[in-house]
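Hi,

Here is the structure I said I would pass on. Have a look at it first, and my notes follow underneath.

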Amino acid sequence: MIEDKNPQRTPLSELGEFKLIEHLTEHFTVTQKSTVKSIGDDAAVLNFDKKQIVVSTDLLVEGVHFDLTYAPLKHLGYKAVVVNLSDIYAMNAMATQVTVSIAVSNRFPLEALEELYAGITMAAKYYNVDVVGGDTTSSTSGLIISVTAIGEVEQGQEVLRSGAKPNDLLVLTGDIGGAYMGLQVLEREKQVFKVNPQNQPDLSMYTYIIERQLKPEARKDIVELLKELDVKPTSMIDVSDGLSSEVIHLCKQSKVGVDVYENKIPLDPQVIATCEEFNIDSTTIALSGGEDYELLMTISQEDFPKIKGNPNLTIIGYMTDEDRGMHLVTRGEEKIPIIAKGWNALTDDPA
């Protein structure tokens, strides 16, 4: 495909705030019964009847959470929605609405925001959520995206971080480590590009892990699966900051200990191969990588027959009494204390 060297650039100043909002939101449609009034008034109106409402919000900041050198705006819009929906599913709830707010500098023309909102629209349609509001404002420091996700859950079906009990099974969905290794590949190719801008990287060997970084998916399917299996986890959290951090969150909130078995942690072959290429220990990446947006949960042993052999769920350990501590059991049967080394947005260097 021939690249357009002179793409159209419409300054945002030509539209003004209200026409910009109208332009960017014209493709959003309402699909949820709980959406009474969507975009176009002072506030959205939602009706959840007798269900409980769950709400979560996240910020994505340019230079901290994403790098537009290699993150396409459409992918970024999609990811901004997904990372918030993941928090809703981690409560055993179903997401129904989102609001999207952006702060944008004048280096972004209208066409760039159209790409961003195309990704937001795609995520909203795929996950069947309504975009019901938001805000736009100017920024002096690049692009900032804030998404608030709203969901619903039947009373008594919500799952918190605080319900794990000793002898519960520790269960993980999917596989982990891919998003972090995808980021390492992208960062490496960025440095090569700086030296030689004519060089076009061949990323065909890394398609899975790059997609895990640039276009992750939230595990709505797991909430539906658990309902079908008639399994309610005793606790649950999404894996956004690294497995070790999330395990510690569950243990501290539930006042329990844990044994996590290294040889049970699910890793994609592409993750293992890329770790070998970068000379990085794959277990370290699994524990500390983050941004996988899988679900980590504890399940009563009574429910083991219901999940046994399910390809979406892997038992990676079990919960113990609090005084036994939190440990990784290595392949050599050695017990190593688990410490949090995941992503910390307040202290870590920008990605």
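Let me start with a charged pair. Arginine 188 has a relative accessibility of 28%, so it counts as partly exposed. Its salt-bridge partner is glutamate 189, and the closest N and O atoms of the two are 3.3 Å apart. Glutamate 189 is buried, because its relative accessible area is 17%, and buried here means under 20%. Keep in mind throughout that this is a predicted model.

Glutamate 189 also gives us a way to the next spot. Its C-alpha atom is separated by 9.3 Å from that of aspartate 202, a residue 13 places away along the chain. Aspartate 202 sits in the loop between H4 and H5. With 57% relative accessibility, aspartate 202 counts as exposed. Its side chain is joined to that of serine 204 by a polar contact of 2.8 Å.

Now for the overall picture. The chain has 351 residues, and 49% of them count as buried. You will find ten helices and 13 strands in the chain. If you take contacts between residues at least 6 apart in sequence, 86% of them join residues at least 24 apart. The accessible surface of the chain comes to about 17700 Å², and carbon and sulfur atoms account for 50% of that.

Helix H5 is worth a look next. What are the buried residues of H5? They are Ile209, Ile210, Arg212, Gln213 and Leu214, in a helix that covers residues 207–214. These buried residues pack against three helices, H2 (73–89), H4 (178–195) and H8 (269–278), and also against S10.

Two of those H5 residues, Arg212 and Gln213, turn up again in the surroundings of glutamate 291. UniProt, in an unreviewed entry, gives "binding site" as a feature at His65, Glu291 and Trp343. From this set, His65 is part of the lining of the largest cavity. As for glutamate 291, you will find it in the loop between helix H9 (282–288) and strand S10 (294–299). It counts as partly exposed because its relative accessibility is 22%. Besides Arg212 and Gln213, its contacts take in Lys79, Ala179, Val239 and Ser240, leaving aside neighbours within four places in sequence. With lysine 79 there is a polar contact between the side chains, at 3.0 Å.

The "binding site" feature also comes up in UniProt, again from an unreviewed entry, at Asp42, Asp87 and Asp238. Is aspartate 238 buried or exposed? It is buried, since its relative accessible area is 3%. You will find aspartate 238 in strand S8, which runs over residues 235–239. Neighbours within four places in sequence aside, aspartate 238 is in contact with Ser86, Asp87, Ala90, Glu246, Tyr293, Glu294 and Leu295. One of these, serine 86, makes a polar contact with aspartate 238 from side chain to side chain, at 2.8 Å.

Back to the salt bridges, which I found handy for finding my way around. A search of the whole structure turns up 16 of them. One is between the side chains of glutamate 154 and lysine 51, at 3.8 Å from N to O. This pair links distant parts of the chain, 103 residues apart: glutamate 154 is in the loop between strand S6 (144–153) and strand S7 (169–173), and lysine 51 is in the loop between strand S2 (45–46) and strand S3 (52–61). Glutamate 154 has a relative accessible area of 44%, which means partly exposed. Lysine 51 has 34% relative accessibility, so it is partly exposed as well.

Another salt bridge brings together the side chains of aspartate 230 and lysine 306, at 3.7 Å from N to O. Here too the pair links distant parts of the chain, 76 residues apart, with aspartate 230 in the loop between helix H6 (220–229) and S8, and lysine 306 in helix H10 (residues 304–307). Aspartate 230 counts as exposed because its relative accessibility is 57%. Lysine 306, at 35%, counts as partly exposed.

Finally, there is a network of salt bridges that links Arg212, Arg219, Asp221, Asp292 and Glu294. You have met two of its members already: Arg212 is one of the buried residues of H5, and Glu294 is among the contacts of aspartate 238.

Cheers

Technical notes. Residues numbered from 1 in each chain as written. Predicted model: local features only at pLDDT ≥ 70, side-chain atom pairs only at ≥ 80, totals over all residues. Heavy atoms only, no water. UniProt positions renumbered as here; feature names shortened; annotations may be inferred. 1 Å grid on protein atoms, 1.4 Å probe; cavity = no way out; pocket = protein on both sides within 12 Å on 5 of 7 lines; lining within 4 Å. Helix = DSSP H or I, 4+ residues; strand = E, 2+ residues; numbered from the N terminus. Buried < 20%, exposed > 50% of the residue type's maximum accessible area, 1.4 Å probe, protein only. Contact = heavy atoms within 4.5 Å. Polar contact = N/O pair within 3.5 Å; in protein donor to acceptor, adjacent residues only side chain to side chain. Areas by Shrake-Rupley, 256 points an atom, 1.4 Å probe, with all protein chains shown as cover. Salt bridge = Lys/Arg side-chain N within 4 Å of Asp/Glu carboxyl O.
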